[in-house]
Amino acid sequence: MKRRGTPEADLQRAVVRALRQILPRTAIIHHCANEVTEPGPRGAKRQAILVGMGVHAGFTDLMILCDGRVLFLELKAPKGRLRPTQEAFRDAVLAQGFGWALVRSLDDALTALADHGFSTRIAAPARRVIP
C-alpha cells in the first residue's frame, strides 16, 4: 500500500518486507522510532519524555541483528540528505566497528547486507567462469 507524500516510509516498508523474506528467521529487524512529529507543546513534551527514556538523536531508521552482526540502515528518499545528528551517529557507529549504510532503494539495502557479510535464505547466483 503506497501512501502519497511518504517516500521514505514507503521505502522502509518495502525494505522491511524484503528483509523479513530473505534474512534467516532468527534475524531481528528493528525500526527505531526516535522522534515525535506532533507539533506544539504536546509534541515537545512527548519528545522530551522519549529523550529521557534513551532516544538518541540521529539514530538510524532500522537496525538489523543477525548471526552476531549488527547493521544500521538510514533510509532516505532519492534527494533526502542526512541531518548533522545523523552524520554524527554514523561516524560514532563506524568508529565502533559496526556496519552502517545509507539506503535509497531496495537494491541499496540488499547491497548493504552483502557488503557487511550478512547471509540470506536466497542462494547467491552461480558465478560464471570466463575462459
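**Close-up views of a predicted model**

**Figure 1. Helices α1 and α4 are oblique to each other.** The model shown here and in the other views is predicted. The two helices, α1 and α4, pack at an angle of about 40 degrees. An angle counts as oblique when it is not under 35 degrees, not over 145 and not between 65 and 115, and α1 and α4 are therefore described as oblique. Their axes lie 9 Å apart. The crossing of α1 past α4 is right-handed. On the α1 side, the residues that meet α4 are Leu 11, Ala 14, Val 15, Ala 18, Leu 19 and Ile 22. On the α4 side, they are Leu 106, Ala 109, Leu 110 and Leu 113.

**Figure 2. Four helices and four strands make up the secondary structure of the protein.** Along the sequence, helices and strands follow the pattern α-β-α-β-β-α-β-α. The protein has 131 residues, and 33% of them are buried. Of the contacts with a separation of 6 or more, 65% are between residues 24 or more positions apart.

**Figure 3. The largest nonpolar core contains 19 residues.** Within this core, the residues with the most contacts are Val 15, Ile 64, Leu 73 and Leu 113. At least two core residues come from each of α1 (7-22), β2 (62-66), β3 (69-75), β4 (99-103) and α4 (106-115). Helix α1 gives the largest share, five residues. A second core lies apart from this one and has eight residues, including Phe 59, Phe 72, Val 93 and Trp 100.

**Figure 4. Val 15 and Gln 12 are shown with their contacts from elsewhere in the sequence.** Neighbours within four places in sequence are left out for both residues. Val 15 then touches Leu 62, Leu 75, Val 103, Leu 106 and Ala 109. Gln 12 belongs to helix α1. Its relative accessible area is 14%, and the limit for a buried residue is under 20%, so Gln 12 is buried. The residues in contact with Gln 12 are His 31, Asp 61, Leu 62 and Leu 75.

**Figure 5. Val 103 is a buried residue of strand β4.** The relative accessibility of Val 103 is 0%. Beyond four places in sequence, the contacts of Val 103 are Leu 11, Val 15, Leu 73, Glu 74, Leu 75, Lys 76, Asp 108 and Ala 109. Pro 78 is 25 residues from Val 103 in sequence, and their C-alpha atoms are 9.1 Å apart in space.

**Figure 6. Trp 100 also lies in strand β4.** With a relative accessibility of 12%, Trp 100 counts as buried. Trp 100 is among the residues of the eight-residue core. Once neighbours within four places in sequence are set aside, Trp 100 is in contact with Thr 60, Leu 71, Phe 72, Glu 74, Leu 82, Phe 89, Arg 90, Val 93, Leu 94 and His 116. In that list, Phe 72 and Val 93 are also named as members of the eight-residue core. His 116 is 16 residues from Trp 100 along the chain, and their C-alpha atoms are separated by 8.8 Å.

**Figure 7. Asp 67 sits in the loop between β2 and β3.** Asp 67 is not a glycine, but its phi is positive, at about 50 degrees. A residue counts as exposed when its relative accessible area is over 50%. The value for Asp 67 is 56%, so Asp 67 is exposed.

**Figure 8. Cys 32 and Cys 66 are buried cysteines.** The relative accessibility of Cys 32 is 8%. The relative accessible area of Cys 66 is 4%. A disulfide is a covalent bond between the sulfur atoms of two cysteines. The structure holds zero disulfides.

Terms used: Residues are numbered from 1 along each chain as its sequence is written. This is a predicted model: local features need pLDDT of at least 70, side-chain atom pairs count only at pLDDT 80 or more; totals for chains, interfaces and linings use all residues. Side-chain values use heavy atoms; hydrogens and water are left out. A nonpolar core is a set of buried Ala, Val, Leu, Ile, Met, Phe, Trp, Tyr and Cys residues joined through side-chain atoms within 4.5 Å. Buried means under 20% relative accessible area, exposed over 50%, partly exposed in between (1.4 Å probe, protein chains only). Contact means heavy atoms within 4.5 Å. A disulfide is a pair of cysteine sulfur atoms within 2.5 Å. Axes are lines fitted to C-alpha atoms, for helices over the stretch in contact, and angles run from 0 to 180 degrees between N-to-C directions. A crossing is left-handed if the near helix is turned anticlockwise from the far one by less than a right angle, and right-handed if clockwise.
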